[in-house]
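User: Could you go through this model with me, starting with the ligand and then moving on to a few residues?

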Amino acid sequence: MAFILTGFNENIGTITFNNYEKRNALNKALLEELIAALEDFKEKKARAVILRAAKGSKVWSAGHDICELPKSGRDPLPYGDPLEQAMRAIERFSAPVIAMIEGSVWGGACELAFICDILIGTPASSFAITPARIGVPYNPSGILHFINMLGIGSVKEMFFTAQPINAERAERMGILNHLVPVEELENFTYGMARRIASNSPLCISVIKEQLRILCGAHPLSPETFERIQGLRRLVYDSKDYMEGTKAFLEKRTPVFKGD
Ligand code: LCV
C-alpha cells in the first residue's frame with residue numbers, strides 16, 4: 001500500500017498523504033515514501049512542492065505514529081527518527097514546500113507543517129502540539145522550529161495545554177500565511193506555486209538555504225547540550241511516558257503521576 005500519492009505538473013510536485021484510516025499518522029513507511037518523493041522531485045527539478053491531505057480530510061495528519069514510539073528507556077525522537085529525517089529533507093529541499101492544510105494537525109505533524117516554507121489553511125484547520133498529552137520529551141531542534149515560527153509565549157501555551165489552536169488564531173499567530181475558504185484552497189495554493197515556479201529557481205533555492213542557516217544559528221555549548229539530553233532522559237525513562245502511549249492505545253485518558 002502506498003502511504004502517499006504523488007503528482008508532477010508544470011514543475012510543481014504534489015505529495016498527498018494516503019493513510020486516512022490511521023488519520024495520516026506519520027509512520028516510518030509513509031515518511032520514507034515522502035523522502036523518496038522529494039528525491040524524485042529534485043531529479044525533475046521541481047520549482048515548488050505541495051504537501052497535502054486528500055480533499056475533504058477532517059485530519060491533515062494525526063502526527064507521529066504512536067504505535068511506533070519506542071518503549072521506555074529510549075529517546076522517542078532521536079536524530080535518526082524517520083520524522084526528523086523527513087523534516088530535514090523538506091528544510092534542505094532546494095525549492096519551496098507549501099503545506100496545504102485541510103483539517104486538524106497534531107503533534108509532530110505540526111512540526112512537519114511548520115518546517116514547510118508556506119502554510120495555507122482553511123477555517124477548519126487547527127494545530128495542536130501534543131507531547132504533554134502523551135508524556136513525550138520533545139527534542140531541542142523541534143522546539144527551536146516552534147520558537148522560530150511562534151515566539152516563546154505561544155510555544156509555551158501550545159506545549160503546556162496541548163490544545164488545538166483554531167485557524168483564525170493560527171493566522172493571527174503567523175502559523176498560516178493565508179486562510180482561505182475550503183472551496184478556494186486548491187486554486188489559491190496551486191496559483192501561488194505557479195507564481196513561485198515562474199521566478200528564478202536558483203535565487204529562491206539560495207534564499208531558502210540562507211534562511212535555514214540563519215534561523216538555525218543558535219550555538220549550544222557541549223555542557224548545555226548534555227544538560228538538555230539529561231533532562232529529556234528523565235522524561236523518556238519515566239512511568240508517565242509509558243502511561244501516555246499505553247492510554248492512547250487503550251483509548252482512555254492517561255493518568256499522569258509525575259514520575
Ligand atoms: C497511531 C493513530 C494516531 C496516531 N498514531 O479518529 O508531538 S508528540 O511528541 O506528541 C509526537 C510523539 C506525536 O506526534 O505523537 C502523536 C500526537 N497525536 C495525537 O495526540 C493525536 C492522536 N489522535 C487523535 O486524537 C484522533 O485520532 C484524531 C483527533 C486525530 C482523529 O479522531 P477520529 O475520531 O477522527 P480515531 O481517533 O478514531 O482514529 C482513527 C484511527 O487512527 C488511529 C487510531 O488509533 C484509530 O485506529 P483504529 O481504527 O485501529 O482504532 N490513530 C489516530 N492517531 N498519532 N494511530
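Analyst: What follows takes the ligand, then some buried and partly exposed residues, then two backbone angles. This is a predicted model, in which local features need pLDDT of at least 70 and side-chain atom pairs count only at pLDDT 80 or more, while totals for chains, interfaces and linings use all residues. Residues are numbered from 1 along each chain as its sequence is written, and side-chain values use heavy atoms, with hydrogens and water left out.

User: Which residues come nearest to the ligand?

Analyst: There are 21 residues around the ligand, and the nearest of them are Lys22, Ala62, His64, Gly108 and Lys251; a residue counts as near if one of its heavy atoms lies within 4 Å of the molecule.

User: And how is that shell made up by class?

Analyst: The shell holds 10 nonpolar, 5 polar and 6 charged residues, where Ala, Val, Leu, Ile, Met, Phe, Trp, Tyr, Cys and Pro count as nonpolar, Asp, Glu, Lys and Arg as charged, and the others, Gly among them, as polar. Helix H4 (residues 131-134) gives the most to this shell, with 3 residues; helices (H or I, at least four residues) and strands (E, at least two) are DSSP runs, numbered from the N terminus.

User: What lies close to the oxygen atoms of the ligand, say from Lys22, Arg23 and His64?

Analyst: An N or O atom in the side chain of Lys22 is 2.6 Å from an oxygen atom of the ligand, and a polar side-chain atom of Arg23 lies 2.9 Å from a ligand oxygen. For His64 it is a polar backbone atom that is 2.9 Å from an oxygen atom of the ligand. A polar contact here is a pair of N or O atoms within 3.5 Å; within protein, one must be able to donate a hydrogen and the other to accept it, and residues adjacent in sequence count only if both atoms are side-chain atoms.

User: How much of the ligand does the protein bury?

Analyst: The protein buries 75% of the 1,000 Å² that the ligand exposes when taken alone, with accessible areas from the Shrake-Rupley method and a 1.4 Å probe; for residues, only the protein chains shown count as cover.

User: Switching to helix H3, how many of its residues are buried?

Analyst: In helix H3 (residues 108-115), 8 of its 8 residues are buried, and among them are Gly108, Cys110, Glu111 and Phe114. Buried means under 20% relative accessible area, exposed over 50%, and partly exposed in between (1.4 Å probe, protein chains only).

User: Is His145 buried or exposed, then?

Analyst: His145, which is placed in helix H5 (residues 140-150), counts as buried because its relative accessible area is 17%. Its side chain is joined to that of Glu91 by a polar contact of 3.3 Å.

User: OK, and where is Ser125?

Analyst: Ser125 is in the loop between strand E7 (118-121) and strand E8 (126-128), and it counts as buried because its relative accessibility is 2%. Polar atoms of the Ser125 side chain lie 3.0 Å from the backbone oxygen of Ile101 and 2.8 Å from the backbone nitrogen of Thr122.

User: Last topic: what is phi for Glu10 and for Ala162?

Analyst: Phi of Glu10 is near 55°, a positive value in a residue other than glycine, and phi of Ala162 is also near 55°. Glu10 sits in the loop between strand E1 (4-9) and strand E2 (12-17) and is partly exposed at 46% relative accessibility, whereas Ala162, in the loop between helix H6 (152-161) and strand E9 (165-166), is buried at 7%.
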